[in-house]
Amino acid sequence: EVEVATRSADMAGIALSYSNTVKFLLMNVFEVTVGMYWPIYGTLKGVIVPESKRAAIYNLYRIPLNFIVLFSLLTDLTPTTSFLLNATMLGTAAVLQIILMKRREMHGLTEKTDSNKA
């Protein structure tokens, strides 16, 4: 959740900053966190999403993603508005990730207990 929250803060900082140097540095931090995202994502999907249902679940996730892409392409958003929307979506993702972690802890479904069962 820290990684997603960091990306959200980076996007907000890029949108609200007037300094090109600060924007450049924040974009570099954003790129580092994106590089961290893929290994984390691969680990989480292996733990959370059952292999037998993975394709169906991921296809369902593509529907809202396609709407977001269409919205951004069909509207004339300023860069500031685009970055603020990205920050909002990433902030929402961070909150939802925290909720998912709390639910898994509440039900005793952690990585340790899952790997011990295997």
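**Entry 1: a salt bridge**

I began with charged side chains and found that E51 and R54 meet in a salt bridge, with 2.9 Å from N to O. I noted that this is a predicted model. The count of salt bridges comes to 1. I then looked up how open the two partners are. E51 counts as exposed, because its relative accessibility is 61% and the cut-off for exposed is over 50%. R54 has a relative accessible area of 15%, and it is called buried because buried means under 20%. I wrote the pair down as an exposed E51 and a buried R54.

**Entry 2: an aromatic pair**

Next I looked for aromatic rings that pair. I found that the structure holds 1 aromatic pair. Y37 and W38 form the pair, with 5.0 Å from centre to centre and 75° between the planes. I entered the pair as edge-to-face, because planes over 60 degrees apart count that way. I checked accessibility here too. Y37 is partly exposed at 23%, while W38 counts as exposed at 54%.

**Entry 3: helix 2 against helix 4**

I turned to the packing of helices. Two packed helices are described by the angle between their axes and the distance between the axes. I looked up both values for helix 2, residues 20–48, and helix 4, residues 79–106. The angle is about 35° and the axes lie 14 Å apart. I recorded the crossing of helix 2 and helix 4 as left-handed. From helix 2 the contact is made by M27, F30, L44, V47 and I48. From helix 4, the contact uses F83, L90, Q97, L100 and R104. I sorted the contact residues by class and got 8 nonpolar, 1 polar and 1 charged.

**Entry 4: T33**

I picked T33, which lies in helix 2. Is T33 buried or exposed? T33 counts as buried, because its relative accessibility is 4% and the limit for buried is under 20%. I then asked which residues T33 touches, not counting those up to four places away in sequence. T33 touches E3, T6, R7 and D10. I also looked up T33 with T78, which sits 45 residues away along the chain. The C-alpha atoms of T33 and T78 are separated by 24 Å.

**Entry 5: V2**

I found V2 in helix 1, which runs over residues 2–16. V2 counts as exposed, with 59% relative accessibility. How far apart in space are V2 and Q97, C-alpha to C-alpha? I wrote down 9.8 Å for V2 and Q97, although they are 95 residues apart in sequence. Q97 had already come up as one of the helix 4 residues in the contact with helix 2.

**Entry 6: S19**

My last residue was S19, which has its place in the loop between helix 1 and helix 2. S19 counts as partly exposed, at 31% relative accessibility. I looked up its separation from G108, and the two are 89 residues apart in sequence. In space, S19 and G108 are 46 Å apart, C-alpha to C-alpha.

Conventions. Residues are numbered from 1 along each chain as its sequence is written. This is a predicted model: local features need pLDDT of at least 70, side-chain atom pairs count only at pLDDT 80 or more; totals for chains, interfaces and linings use all residues. Side-chain values use heavy atoms; hydrogens and water are left out. Axes are lines fitted to C-alpha atoms, for helices over the stretch in contact, and angles run from 0 to 180 degrees between N-to-C directions. Helices (H or I, at least four residues) and strands (E, at least two) are DSSP runs, numbered from the N terminus. A crossing is left-handed if the near helix is turned anticlockwise from the far one by less than a right angle, and right-handed if clockwise. Contact means heavy atoms within 4.5 Å. Ala, Val, Leu, Ile, Met, Phe, Trp, Tyr, Cys and Pro count as nonpolar, Asp, Glu, Lys and Arg as charged, and the others, Gly among them, as polar. Rings of Phe, Tyr and Trp (its six-membered ring) pair if their centres lie within 6.5 Å; planes under 30 degrees apart count as stacked, over 60 as edge-to-face and the rest as tilted. Buried means under 20% relative accessible area, exposed over 50%, partly exposed in between (1.4 Å probe, protein chains only). A salt bridge is a side-chain nitrogen of Lys or Arg within 4 Å of a carboxyl oxygen of Asp or Glu.
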